[in-house]
Each structure stands twice: as C-alpha cells, then as structure tokens.
Amino acid sequence: MNDFASTPELVLLPAVDVAGGKAVRLTQGEAGSETHYGDPVDAALEWARQGADWIHLVDLDAAFGRGSNAGILRKVIRQVRGVRVELSGGIRDDESLEAALESGAARINLGTAALENPEWAADVIGRYGDVIAVGLDVRGTTLAARGWTQEGGDLWTVLDRLESAGCSRYVVTDVTKDGTLRGPNLELLREMTSRTPKPVVASGGVSSLDDIAALRELVPLGVEGAIVGKALYAGAFTLAEALDVAGH
C-alpha cells in the first residue's frame, strides 16, 4: 500500500454527456442507446459538490451532427465556477471552436475534425497549445470518427501526424468498452504512453474502484487522468470514493 500511496494522483473527470437537453450515457457510443439522467446542470453541480476539479462535458448531438446543446453547455460551465471544464463534441471549424472557447471551457477536445481536417487541427494546436486536446476514439488500432459511425484511419499513423503538429494532450477512448462497465483497456493505454511523451487521459470502461487504482498505476507512464461516466451514474461508487482512490 505504501508504494501505491506514493504514486502520483490520477485526475478524474466525471462526464456529463448532453443529448436533447438531458444528461445521458450511451453504450459503445451508439445513438439510440441513451440512458437519461435528468438535468445536465444538476449532474455537473453534483460532481462539483463531491469534489471534482474537472468535468468532461460533451455535446452528443453536435458530435453526431444532429443539433446543438450549446446554450445548455454554457449554462453548465457558468454554474460550476471553480471546476474546470473540458468541452467536447462537434468542434470542427473556427466558428464552433470560437464558440467553445467563449463558453468558458478550460480545455477543448477535438475529435472528428482532427482526423478529417488535419491541416486545420494542426493550425488550431499551433495557435492554442495546451488548451487543445485531441480525442482518439479507437476500435483495436482503427480510429472511429463522426460519433463513432465511420472509420478514421490507423491510430499510430494519426498519432505521428498529431505529434508532428505539437499536440499537447490526448483523450483515448476504447469505443468497444465505453459505457459497458467492462474495465478500461490498459494495454492500449500502455502502448499509447510508450509512443508519446504527452499526457494521456483515459476514457471508457471504468466500472469499479479497482479500475481507478489500475489506471493510477499508469500515471508514472504518462496516463494523466481518467474520464468516468456510467459507473458514477449507475452508483457503482461515489465520486468522493473514486477521488480518494485516485489520490485526490
């Protein structure tokens, strides 16, 4: 236990995914697999109350290209003052990026755009630096794009390109695990940290406090944080318990 106590802290980012104005969770990122959890502002305030330093806020409608919850996202960010927000979903051009930055988010997570428009993504990374993270959503080592409905190329090829562009942080999701409560893909994360010196945020599959402990053990390798969603909403553990295991 002493060894573990000396392991650096794992940053936890409880997720608030918004679709149709409601907080929802998907299974394996599939539209139509939503479970509804009520008002996104209430969800975010609850995570803030339990001690969150960060919230991972996602506009699923924008990610799927079927609408926008921009007004609600801005409201969430305003309400949780003191908690930093990582904003994701549908940010794929200057207009959507400017709106995301103006919303008060501390970090912007590019997804599909970084795959489909690498020149633009490289330009944005160059302009905004540490404010920009790139979400890499993978099945095996194939990237998934457009709300995970299309393939987006080979993970390592795209990673090399993003490294050349100077990307400062990656959010890595194993699509096959997301929302399934089957445990994170530790092998993928180890492989990822061996190929980049940049911090990696893990996403998908966290089901138990043991999973959080396992992710914390990867912090010295370069796993900076973990996004936690369904397990929190399903009551598998409280955020306060998770933060304790994460070394908060």
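**Exercise 1. The second largest cavity**

Work out how much space the second largest cavity holds in this predicted model, and which elements line it.

*Solution.* Start with the volume: the second largest cavity holds about 70 Å³ of space. Next, place it among its peers: the count of cavities of 30 Å³ or more comes to two. Now turn to the walls. The lining is made of 14 residues, and those nearest the centre are Val172, Leu189, Ala202, Ser203 and Gly204. Then sort the lining by element: strand 10 (170-174), helix 9 (186-195), strand 11 (200-203) and strand 12 (223-228) each supply at least two residues. Strand 10 gives the most, with three residues.

**Exercise 2. A glycine by the cavity**

Find where Gly204 sits in the chain, and decide whether Gly204 is buried or exposed.

*Solution.* First, locate the residue: Gly204 belongs to the loop between strand 11 and helix 10 (209-216). Second, take its relative accessible area, which is 9%. Buried means under 20%, so Gly204 counts as buried. Finally, try a distance check against Ala44: the two residues are 160 apart in sequence, and their C-alpha atoms are 19 Å apart in space.

**Exercise 3. The annotated aspartates**

Identify the residues that the UniProt annotation "active site" covers, then describe the setting of each.

*Solution.* Begin with the record: in an unreviewed entry, UniProt gives the annotation "active site" to Asp17 and Asp137.

Take Asp17 next. Asp17 is found in strand 1 (residues 11-19). With a relative accessible area of 10%, Asp17 is buried. Leaving out residues up to four places away in sequence, Asp17 touches Lys22, Ala23, Val24, Arg25, Val58 and Leu60.

Now do the same for Asp137. Asp137 lies in strand 7 (residues 132-139). Its relative accessible area is 17%, so Asp137 is buried. To finish, look at the side chain: Asp137 makes a polar contact with the side chain of Thr173, at 3.5 Å.

**Exercise 4. The nonpolar cores**

Which residues of the largest nonpolar core touch the most other members, and which element gives the most to this core?

*Solution.* Look at membership first: the largest nonpolar core has 68 residues, of which Leu12 and Val16 touch the most other members. Helix 8 (residues 155-165) gives the most to this core, with five residues. Then follow Val16 outward. Not counting residues up to four places away in sequence, Val16 touches Ala23, Pro40, Ala43, Ala44, Trp47, Ile55, His56, Leu57, Val58 and Tyr233. One last step: there is a second, separate core of seven residues, among them Leu13, Ala15, Trp54 and Ile227.

**Exercise 5. Classifying Tyr37**

Place Tyr37 in the chain and classify its accessibility.

*Solution.* Tyr37 lies in the loop between strand 3 (35-36) and helix 2 (40-49). Its relative accessibility is 28%. Partly exposed runs between the cut-offs of 20% and 50%, so Tyr37 counts as partly exposed. For its contacts, skip residues up to four places away in sequence: Tyr37 touches Ala23, Val24, Arg25 and Tyr233. As for separation, Tyr37 and Ala231 are 194 residues apart along the chain, with 13 Å between their C-alpha atoms.

**Exercise 6. The largest pocket**

Give the space in the largest pocket and say what lines it.

*Solution.* The largest pocket holds about 220 Å³ of space. It is lined by 15 residues, and Asp59, Ala70, Leu73, Ser96 and Ala99 are the closest to its centre. By element, helix 4 (70-79), strand 5 (84-88) and helix 5 (94-102) each supply at least two lining residues.

How values were computed: Residues are numbered from 1 along each chain as its sequence is written. This is a predicted model: local features need pLDDT of at least 70, side-chain atom pairs count only at pLDDT 80 or more; totals for chains, interfaces and linings use all residues. Side-chain values use heavy atoms; hydrogens and water are left out. UniProt positions are given in the numbering used here, feature names are shortened, and annotations may be inferred rather than shown by experiment. Helices (H or I, at least four residues) and strands (E, at least two) are DSSP runs, numbered from the N terminus. Buried means under 20% relative accessible area, exposed over 50%, partly exposed in between (1.4 Å probe, protein chains only). Contact means heavy atoms within 4.5 Å. A polar contact is a pair of N or O atoms within 3.5 Å; within protein, one must be able to donate a hydrogen and the other to accept it, and residues adjacent in sequence count only if both atoms are side-chain atoms. A nonpolar core is a set of buried Ala, Val, Leu, Ile, Met, Phe, Trp, Tyr and Cys residues joined through side-chain atoms within 4.5 Å. On a 1 Å grid over the protein atoms alone, a cavity is a set of points where a 1.4 Å probe fits but cannot get out, and a pocket is an open set with protein on both sides within 12 Å along at least five of seven lines; lining residues have an atom within 4 Å of a point. Grid points are joined across faces, edges and corners, and a volume is the space filled by probe spheres set on the points.
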